[in-house]
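Please open the structure in a viewer and keep the sequence at hand. The tour below proceeds by selection, one element or pair of elements at a time.

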Amino acid sequence: MTMNLRHLPHYLMVLPFVALFAAFFLYPIVSGFYYSFHDWNAVTEPHFVGLANYERIVGSRDFSRAMWNLVTYVVITVPLGIAVAFGLALLVDSFSGFWSNLFRSVFFLPVVLPAFLAATIWRWMYAPNFGLVNMVLGWFGYPSVNFLNDTDTMLFSLIAVDIWVSAGFNMVILLAGLKNIPVDLYEAARLDGASRLQQVRHVTIPMLAPVLFFVMTYGLISALQVFDVPWLLTGSSFTNYGGRQNALLFPVMDMMGRAFGSVRFGQASAYGFILTALIIVVTAGMFGLRAMRSKP
Amino acid sequence: MAQLDLTGVAKKFGVVDVLRDINLNIRSGEFVVFVGPSGCGKSTLLRIISGLEEVTAGDLHLDGERLNDVDPARRGTAMVFQSYALYPHMTAAENMGFSLRMAGAKKAEIREKVAKAAAILQLEKHMDRRPGQLSGGQKQRVAIGRAIVREPKVFLFDEPLSNLDAELRVQMRAELIDLHRRLKATMIYVTHDQVEAMTLADRMVVLNGGVIQQCGRPLDLYDDPDNRFVAGFIGSPKMNFLSATVKEVRPDAIVLDRIGGSSTSLVMPFEGFDAAEGPIEIGVRPEHVRLAPSDERRDGDVEVDVTLVEELGDVTYVHATMPAGERIIARSDNARHRAETANRIRLDPSRFLLFGAAGQRIRPAGAA
Amino acid sequence: MTLAIEATGSRRSRWSSITAWDLCRWAMAICVTIVVVFPIWWMVNVVFTEPGTPVSINPRLYPTSFAAGWDKVAMIMRETGYLHAYYMSMAYALLTIAGVLLLGSMAAFEFALFEFPGKRPLFGLIMLSLMVPTAVTIIPTYLLTAELGWINTMQGLVAPGLASAFGLFLLVEFMKGLPKEMIEAARLDGARHFQIYWHVVLPLTRNAMVTLAILTFMKTWGNFIWPLIVLSNAEKYTVSQVVGLFNAPFSHQTVDVVMTANLLAAIPPLLFFLIFQRKIVEGIAMSGSKG
Ligand SMILES: Nc1ncnc2c1ncn2[C@@H]1O[C@H](COP(=O)(O)OP(=O)(O)O)[C@@H](O)[C@H]1O
Ligand SMILES: [Mg+2]
């Protein structure tokens, strides 16, 4: 009893946070798990359907399409995005003082812009005929391309925007990692006769491995949940989303559509858990890879 | 009045005994120094007195009032930390007045008390500066000022000078002694530096392994240590310890043989040696080991190999190895020995201290 | 005389030291700058152009009419719910910041500086939530908000975002760096538990709090998905939704008006960035290196 009383102030101070955390994180997870086994439209009573929600999702054509899009998107956008960010970091790091700071800030600019804005600006940039991208193509004599409505180009248009939006974020983290590498190491490598490129290969990348790992894992987790940008690029609404032939349909969009378009909250909850399982598997895979690489 | 009594104080962190059965009576106005190697529990003992740690067993009394359950802020103690622990976002004056502010004192009263403390420490010019704008010595003074403002019965210092450079440390020591004289307050001071302890203390408490080894005036501890630990801990360079066997026990002396593994025998004045004592060890301070003049040979001189000579100006210390490999340091005033590789040393058996196998001191009969 | 020689000497060596690598990195930096800045610059140009000018005559490479831009801003403010959306977004951002800072700093104070039974598992659980994707909680959180009757309300918009595990993480990491002795000194000075938090720890955490406030602003201002589902009533729309309306496939707005709406939405974060760019960049770098 005296024990409890002495610790009371501690509990009082964490209480507001913990209460809201429990209400808006723990409870939703538990209730979502419950709903995922029920058929529910938020009006009538939920009734138990076992695994039917999961089966229905996995068996649906939208799901396969969304998963296929997701895999293609992730496989391209994550490595490419990190490569670009790494390049930018090296570029900024090669300058010093004022210029280094200036370029860092400029390259970071798109991150500051809300993603919904970046997406809408790019939607206009991609517009057929008078959009800026087509204008530039026009100067070189190419015909106008309807980037966001042509299934051949839609995914790549998304990836370009995505990299434009996120490269600065990863660049800043990588740059901080670069700054933590002791200069001695480069000097030692130079004395050992390593060229600039060899220095990157044998000093920078190994020393940056933990940061690269973080950037990659974080990038993967975000990419698997991609929503805002394709939603806006395709001008989606809850009843009509995914763009032409669902070429930009992604799982979170599909989930939101099932929840607020067709009002199937049970299915949408199940969708969330399928996605989470996928993310956990991928993250665990990343950690497993790292453990394997660091062993020998 | 500020009489602090510790009875049977013990402290465990989990299953680790950090302090065991500490009994101590600190008189009003006394300057007591806790000294001991790092990790021996000095800080823990001080923090128990301040109330930052609770005892596992035992009692604390200040002027007869039991302190155990009194809030740290109301114990009448004030602490000065090694890292100063000043609040970086407050000025020196605000730092010093913070405790009064927390106690709900009036602005005018705070200002007056802070100004008084600032005057004592000659800090008046710096009162509007933040800790970041003060030098190490000034920060230290502000930290002391913060304690003074509270008008405590007992000041507690935890290695307050270790972050200062050597010169400033000497100067601050003198200031602390002066401060003690002026405030006439009880002060408890923790340090691992025995020289600092010797300079400051009215009374020294030597701790090791969470146990009080000995407690007394600095020179009493120096001359008459209770055990091998205290003997070795106090004094720089350290006391020499040499193995020896007792060859013969006389009523008022003993004959020591095989000193430091050599073939030397010496007669040491010693009354009432108990022949039942097990193996013994001799302790002798460097100043009682001399180099024998080269033109004069005596029985009992030991041939040694010189390994290192420290010529410090006022004194010279000669480090050497005895024939069986035991190390010894001899002191030699105003002499140059740098080039020497061999020499003879002469021990003064009347200054030998004897220690038993468990490190306990073996005193002559009739001695305290 | 010697001076002149030295000057020319140094100039020559400076020119000759420009290598292919130097040219290459400058060229790259400038190209990237163009790619990054141009879309934003283009948006500005579209806004500050006389409406109806054909692209072939003015390819929007620079602004041509300040007055035209101003007219569009005035028109949007007058004829659409933009001003109210601005108010909604601001309120959403500011209330979230206040809540995240207050709740986060109170909890971080305990988690970083004190020991109490249950602390480790509790903190571990909260940190674990950083790994859980929003996708899995967003629908049930919406359902809870609906059950509470908070759809189309400010509390429904704000409350679910207040217990920010990321904010807690950032503040705990920062507070762990505060010297323990300072807290003890405050205790000896007679400060109660809450006073230590208020008078000592909070002022010392100011830097981290500012960083967290800015990052929270960026996140709430840019949050698209949560307002989209919680605020279904068009009168309660936030900026992100209103911008969505302007951009909707069948909205009858011309591109310059749409871009004006976009530009207005971009101004607060851009201003923030100009003022606080170091803090933002450092905050992100810090969360990256600690993660
Ligand atoms: N909070 C604690 N928890 C566990 N062990 C501690 C704690 N504080 C101190 N100790 C241990 O108690 C012993 C004494 O510490 P301390 O009193 O700080 O030593 P000193 O000040 O004499 O160097 C050390 O071994 C230390 O590791
Ligand atoms: Mg200590």
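The stops that follow begin with chain C and then move to chain B. Please bear in mind throughout that this is a predicted model.

**Chain C as a whole**

Select chain C and display it as a cartoon. The chain has 14 helices and 0 strands, so that every element met from the N terminus on is marked α. Of its 291 residues, 52% are buried. Among the contacts in chain C with a separation of 6 or more, 71% are accounted for by residues 24 or more positions apart.

**Helices α4 and α8 of chain C**

Next, select residues 82–113 of chain C, which form helix α4, together with residues 165–176, which form helix α8. Two packed helices are described by the angle between their axes and the distance between the axes. Here the angle is about 45° and the axes lie 8 Å apart. The two helices are therefore oblique to each other, and their crossing is right-handed.

Now show side chains at the contact. On α4(C), select C:Gly104, C:Ser105, C:Ala107, C:Ala108, C:Phe109, C:Phe111, C:Ala112 and C:Leu113. On α8(C), the contact is made by C:Leu168, C:Leu171, C:Val172, C:Met175 and C:Lys176. Coloured by class, this contact of α4(C) with α8(C) shows 10 nonpolar, 2 polar and 1 charged residues.

**Helices α8 and α11 of chain C**

Keep α8(C) selected and add residues 206–222 of chain C, helix α11. How are α8(C) and α11(C) oriented to each other? Their axes come within 10 Å and cross at roughly 160°. An angle over 145 degrees counts as roughly antiparallel, and α8(C) and α11(C) are therefore roughly antiparallel to each other. This crossing, too, is right-handed.

To see the contact, display C:Phe166, C:Gly167, C:Leu170, C:Leu171 and C:Phe174 in α8(C), which meet C:Asn207, C:Ala208, C:Met209, C:Leu212 and C:Leu215 in α11(C). These residues divide into 8 nonpolar, 2 polar and no charged. C:Leu171 deserves a separate selection: it takes part in the contact with α4(C) and also in the contact with α11(C).

**Helix α13 of chain C**

Select residues 239–247 of chain C, helix α13. Because 7 of its 9 residues are buried, this helix is largely enclosed by the rest of the structure. The buried residues to highlight are C:Val239, C:Ser240, C:Gln241, C:Val242, C:Val243, C:Phe246 and C:Asn247.

**The four-stranded sheet of chain B**

Turn now to chain B, where 4 strands form an open sheet in the order β2-β1-β4-β5, with antiparallel pairing. Strands of a sheet pair through backbone hydrogen bonds, either parallel or antiparallel. The edges of this sheet are β2 (16–26) and β5 (65–66) of chain B, each of which pairs on one side only. Strand β4 (residues 57–62) of chain B joins β5(B) over 2 bridges in the antiparallel sense. To locate this pairing, select B:Leu62, whose bridge partner in β5(B) is B:Glu65.

Then add helix α1 (residues 42–50) of chain B, which packs on the sheet and touches β1 (4–13), β2 and β4 of chain B. The direction of α1(B) makes about 120° with that of β1(B).

**B:His126**

Select B:His126, in the loop between α3 (107–121) and α4 (136–149) of chain B. Is this residue buried or exposed? B:His126 has 13% relative accessibility and therefore counts as buried. Leaving aside residues up to four places away in sequence, B:His126 touches B:Ala92, B:Leu134 and B:Gln138.

**Strands β12 and β13 of chain B**

Select residues 253–257 of chain B, strand β12, which 4 bridges join to β13(B) in an antiparallel arrangement. Within this pair, B:Val255 stands opposite B:Val267. Strand β13 (residues 266–269) has a covered face formed by B:Leu266 and B:Met268, while B:Val267 and B:Pro269 lie on the uncovered one.

**The five-stranded sheet of chain B**

For the last stop, display the open sheet of 5 strands in the order β15-β19-β16-β17-β18 of chain B, whose pairing is antiparallel. Its edge strands are β15 (289–291) and β18 (327–333). From one strand to the next, the twist averages 45°. Strand β17 (residues 315–321) of chain B pairs with β18(B) over 7 bridges; select B:Ala320 and its bridge partner B:Ile328 to find this pairing.

How values were computed: Residues numbered from 1 in each chain as written. Chains lettered and ligands numbered in written order. Predicted model: local features only at pLDDT ≥ 70, side-chain atom pairs only at ≥ 80, totals over all residues. Heavy atoms only, no water. Axes fitted to C-alpha atoms, helices over the stretch in contact; angles between N-to-C directions. Parallel < 35°, antiparallel > 145°, perpendicular 65-115°, else oblique. Left-handed = near helix turned anticlockwise from the far one by under 90°. Contact = heavy atoms within 4.5 Å. Nonpolar A, V, L, I, M, F, W, Y, C, P; charged D, E, K, R; others polar. Pairing = 2+ DSSP bridges. Buried < 20%, exposed > 50% of the residue type's maximum accessible area, 1.4 Å probe, protein only.
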